[in-house]
Amino acid sequence: MSIRRRSAYPRRARDERLRLTENGTFQISVFSDLHFAEDDKADNKTIGVMNSVLSSEEVQLVVLNGDLISGEATTQRSNSSLYVDRIVAPLVDRNLPWASTYGNHDSEINLDPEEIFHEETKYENSLTQRRVSGSTAGITNYYLPIFPHASNDSTPVFILWFFDSQGGHYALAGGEDRKSVARQSWVDDKVIEWFVEANANLTSTYGQAIPSLAFVHIPVHPMRAFQKSGVSPSREPGINGERVQEQGYDSDTGYISQDFPFISALLNTTGLAATFSGHDHDNDWCFKWDSRLPGLNVTGNGMNMCYGRHTGYGGYGEWARGGRQILLDQQSLGDDVRTWIRMEDGSISGNVHLNATYGQDQYGFAQRSVSVQNGESIKDAASTSTYSMMGWYAGNETGQIPGSFPEKWWEGSALFLALLQYWHYTGDTTYNSLMSQGMEWQSGDKGDYMPSNYSSYLGNDDQMFWGLAAMLAAELKFPDVPDQFSWLSLAQGVFNTQTARWDTTTCGGGLRWQLFPYQDGYTMKNSISNGGLFQLSARLARYTNEDKYTKWAEKIWDWSVSSPLVNNKTWNVADSTQMANDCADSGNYQWTYNYGTYLMGAAYMYNFTNGDEKWKTPVDGLLGKTLKSFFPNGDVLEDITCEPIKKCNFNEILFKGLTSSWLAFTALLVPDTAAQIKPKLASSAEAAAKSCTGNNNNSCGITWYQNKWDGSTGMEQEISATNVFLANMINFDTGAFGPVTSKTGGSSSSNPNAGEGKSGDNNKEKPITTGDKAGASILTLIFVFGWAGTMGWMMLGA
């Protein structure tokens, strides 16, 4: 790669010292983790991000907060530092001053940070300095004062501190085989001594503690401690997508408090309002440290700690790029620091005030609309609702049962269906271990989602939803859990046990709703059980390409359209039919998920058969009926049987969320349906966001079309909102969002005999606790008698 060195360096047409604007403000634009040198195209895109952000803001200083260059990607020690020329070009073109810290990737065997510093200081606009000498001190340890606007006023109003957190490697002297040695990854004790002394001198010189900010590439341990205690999307808005990798942390040895002296120095600096770090590309939140955090023996003093935003297209991370903005105001003198992220596309996220009430103030939907044309906005919305949703889950707490909601067992599958999509579309791994644990724990002794503590109360539909969750995990390449049932085998286990229950004693076939004669609903055959098994069969057929699943999908479909459940002329989908009269008529209550599950199965079969017209006809028919029937108010999805009369029970609240997801997957599997589906999903998500303004904590409501919170609160509302937000991520599909098969990247292991007692070592029993024995599905606990009683219960709720 050739790099053109600049022959001349523009000089600043301004006072050497940084000064407030005439309005008494000072704005800083922070670019973190640029990671130049990995790829020319990526570098050009990064320059585009910087130009876009700077064109949208009026800044007085740019901070390059570490990892300017990916040193491990450089191959020629002689010119690796010249990437600085490309990095600063957008700043030089605008005659903007800048100041840098260096990060762990700025020091590698072919990249010496001394050379980066040497290259930077050739520019008059560079304010990067070195104030501490010594081999272990690093380079970028210094401070910059900001003065009032008036040129004759020489008392600073703000101080900006910069620290070198080091890390990376350096090369021992030698030939081509120079040895690479790790550098310490924390602020050095010698730097801390200088910091304490310099701050004391400033206080003494000016007779007061001067408000200040600090910039350091690698965050300190309080950010990890706070993350473990819980980052709230409504109080600390932003991405919380990865573990905080604090100073001194090593994946092998963990964290052993190397940064504690630096933490203590920060705490003892009067007037230090906030610190700003980078390093962890999938985080961009702030928090106020005003309490004793787990694992720390010191109490915060109210200092704020923030991440920047991953700016560069080098380095890992799939989130949209941008840069943190910081606005200082002479009127507030650091007591209220406004900060936000300016995105590459010009939008703003995470706009907060770091003031006395930060950490208590609520940010979120009430303060911003959700743009379905902005992937970052959708992710932010989904992050908030997912966090709220998980507030209702206790399965990961001591003494609780993983994956379990004892009075509504099937809803655990609905929760995990939403979480799988959240991980898939956002890349946020926060809840992954919890998903693996819960989905395995409820899988049953034979890997068929018939756990012994609930199986005597379950319906076919309850079990089926868990099978769909396992199937989705396989299709989205969610990693199998070692030495446990694979996701594919769990879906196969559900399929095997349900097809064994196919009942030909009446109605020519079909699944009963419930499993046992003592359950109400045992003498009914319903759409969600049969449509769910049809969908599962179709998905297994596509994933495995095995003929038995194809035949069962066709068999269930043919039976359904021959029964009163699915009319393949009008495309009406009834809720259920009674076996007592040989399924001669139906209960015709209309629910979104009955249509959605048959539509999803037909879409999979269409995709699997490469566009067979046999499946395109039902796709078009069911989709047309769904869009016509369930979007009556402003093109917003609605369960029309219960929402208008405000009688949706907790099961029914989930139906349209599930249907939102199935519509999105239909658009991916049958591309010519996308033009019809996407606008409906968009208007539904925008309306749902407006319903998520309740209880001063962004609680979502049931009824979206009202465009406001309806006063209801519950986990089900949060799950459905999460689903409809994430459904709109298909607008940003580049070919990676659709479900895979065993031939297109799926690796979940197959067990065709799953659930039949032939799975060998995988049949591992879990101990049953007293708490386990207390659970039962609400769908099977309430006994009502006769057709009218059953339908009345379904209408009026549990």
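**Figure 1. Polar contacts and charge pairing between domain 1 and domain 2 of the predicted model.** Three residue pairs, both members at pLDDT 80 or more, are in polar contact across the interface of domain 1 and domain 2. By class, the side of domain 1 that touches domain 2 comprises six nonpolar, six polar and three charged residues. One salt bridge is found across this interface. A salt bridge links Glu376 with Arg309, and the closest N and O atoms of this pair are 2.9 Å apart. Arg309 falls within the bounds of domain 1 (25–354), and Glu376 within those of domain 2 (375–731).

**Figure 2. Extent of the interface between domain 1 and domain 2.** The chain is divided into domain 1, residues 25–354, and domain 2, residues 375–731. Their C-alpha centres are separated by 45 Å. Contact involves 15 residues of domain 1 and 11 residues of domain 2. About 1000 Å² is buried between the two domains, with carbon and sulfur atoms giving 50% of this area. On the domain 1 side, the greatest losses of area to domain 2 are those of Pro233, Ser234 and Trp319, which together account for 48% of what that side buries.

**Figure 3. Nonpolar cores of the predicted model.** The largest nonpolar core contains 129 residues. Within this core, Leu415 and Phe725 touch the most other members. A second core, separate from the largest, consists of 38 residues. Among the members of this second core are Val191, Leu202, Val216 and Ala265.

**Figure 4. A salt bridge between two buried residues, Glu411 and Lys408.** The side chains of Glu411 and Lys408 form a salt bridge with an N to O distance of 4.0 Å. Glu411 is buried, as is Lys408. The structure as a whole contains 18 salt bridges according to the search.

**Figure 5. The salt bridge of Asp503 and Lys525.** Asp503 pairs with Lys525 in a salt bridge, in which the closest N and O atoms lie 3.0 Å apart. Both residues belong to domain 2, which spans 375–731.

Definitions and conventions
Residues numbered from 1 in each chain as written. Predicted model: local features only at pLDDT ≥ 70, side-chain atom pairs only at ≥ 80, totals over all residues. Heavy atoms only, no water. Domains from an automatic or database assignment. Contact = heavy atoms within 4.5 Å. Buried area = accessible area lost by both parts, 1.4 Å probe. Polar contact = N/O pair within 3.5 Å; in protein donor to acceptor, adjacent residues only side chain to side chain. Nonpolar A, V, L, I, M, F, W, Y, C, P; charged D, E, K, R; others polar. Core = buried A, V, L, I, M, F, W, Y, C linked by side-chain atoms within 4.5 Å. Buried < 20%, exposed > 50% of the residue type's maximum accessible area, 1.4 Å probe, protein only.
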